[in-house]
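Work through the following exercises with the model open beside you. Try each task before you read its solution.

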Amino acid sequence: MELREAVRTRRMVRSYDPTRPIPRDELENLLNLAIRAPSAGHTQAWRFLVLDDITSRDSFWSATTEDGASNSWLDRLRTAPVLIIFFSDQQAYLDRYAEPDKGWIDKDPDRWPVPYWHIDTGMAAMILLLAAQDAGLAACFFGVPKDRWPALFEAFHVPPGLEPIGVVSLGHPAPDLRSPSLKRGRRSLPEVLTYGSFDVESPSS
């Protein structure tokens, strides 16, 4: 599948065939593409925690959801044979930019206009989503409620300083329900594109 087609057909899938695991060599092929994502200062401080056995996946759901929680969205996601938690590392970026070629020796996070540690990790996740689509797999990106982070950290002994920016569920697709949000439609390019300045109407070509 060409990149254009992978992007055009990419959608979040929440239902999976739980009887079809994904071999670790296939997972690592996908993650080897994810680590090609750009990163500020070539810091590459993302970390990936792969949960591909029933014990670790059950621990994840226990840590991140209320006891007995059940709904269509959650029950379908729980069928995924693989969960990949994407972690960012702010301190690694502050340390990298204190090195001689950058020179921000005060390590002040306020120097950063936006948190690139999160953005770069998000780009790695996006590459994984596209790579999964290209490989004929289904995937969905979702977040972990912040009030569940302490339980997640405890369950998986997460090193200090890492933040979970999101999780990718991964597997072979099963018949899925379309998200009602899709009724909103996709915004057209003219609705989001401006040339030159926002204070004038600029032609799209």
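Helices (H or I, at least four residues) and strands (E, at least two) are taken as DSSP runs and numbered from the N terminus. Residues are numbered from 1 along each chain as its sequence is written. The model is predicted, so local features need pLDDT of at least 70 and side-chain atom pairs count only at pLDDT 80 or more, while totals for chains, interfaces and linings use all residues, and side-chain values use heavy atoms, with hydrogens and water left out.

**Exercise 1. Describe the protein as a whole, beginning with its helices and strands.**

Solution. Step one is to list the elements: the protein has 8 helices and 4 strands, and along the sequence they follow the pattern α-α-β-α-α-β-α-α-β-α-β-α.

Step two is the extent of the C-alpha trace, which spans about 50 × 45 × 35 Å along the principal axes.

Step three concerns burial, where a residue is called buried under 20% relative accessible area, exposed over 50%, and partly exposed in between (1.4 Å probe, protein chains only). By this rule, 37% of the 205 residues of the protein count as buried.

Step four looks at contacts, meaning heavy atoms within 4.5 Å. Among the contacts with a separation of 6 or more, 80% come from residues 24 or more positions apart.

**Exercise 2. Find where the loop residues H42 and Q44 lie, and decide how accessible each is.**

Solution. First locate H42, which is found in the loop between α2 and β1. H42 counts as exposed because its relative accessibility is 59%, and it has a positive phi of about 55° although it is not a glycine.

Next take Q44, whose place is also in the loop between α2 and β1. At 35% relative accessibility, Q44 counts as partly exposed, and its phi is positive too, at about 55°, although Q44 is not a glycine.

Finally, R36 has its place in the loop between α2 (24-34) and β1, and with a relative accessible area of 68% it is exposed. The C-alpha atoms of R36 and I127 are separated by 8.3 Å, although these residues are 91 residues apart along the chain.

**Exercise 3. Work out which residues of α2 are buried, and how they are arranged around the helix.**

Solution. Begin with the buried residues of α2, which are L27, L30, L31 and A34. They cover an arc of only 95° around the axis, which puts them on the same side of α2; the arc is that of the directions from the helix axis to the C-beta atoms.

Then turn to the other side of α2, where D25 and N29 are exposed. To finish, ask what the buried residues of α2 pack against: the partners are β1, β2, α6 (116-134) and β4.

**Exercise 4. Repeat the analysis for α3, and then follow F60 into the nonpolar core.**

Solution. In α3 the buried residues are S56, R57, F60, W61, A63 and T64. Seen down the axis of α3, these residues fall within an arc of 165°, so they line one face of the helix. On the other side of α3, I54, T55 and S62 are exposed, while the cover over the buried residues of α3 includes β1 (47-51), α4, β2, β3, α7 and β4.

A nonpolar core is a set of buried Ala, Val, Leu, Ile, Met, Phe, Trp, Tyr and Cys residues joined through side-chain atoms within 4.5 Å. The largest such core has 21 residues, of which F60, W61, L83, I85, F142 and V167 touch the most other members. At least two residues of this core come from each of α3 (54-64), α4 (72-77), β2 (82-89), β3 (138-142), α7 (149-156) and β4 (162-171). Leaving aside neighbours within four places in sequence, F60 is in contact with L51, L83, I85, F142, V144, L152, F156 and V167. Apart from this core lies another, of 20 residues, including L31, W46, L128 and L137.

**Exercise 5. Compare the accessibility of R148 with that of P159.**

Solution. R148 has its place in the loop between β3 and α7, and R148 is buried, with a relative accessible area of 17%. Not counting residues up to four places away in sequence, R148 touches S62, A63, T64, T65 and E66.

P159, by contrast, is found in the loop between α7 and β4 and counts as partly exposed at 39% relative accessibility.
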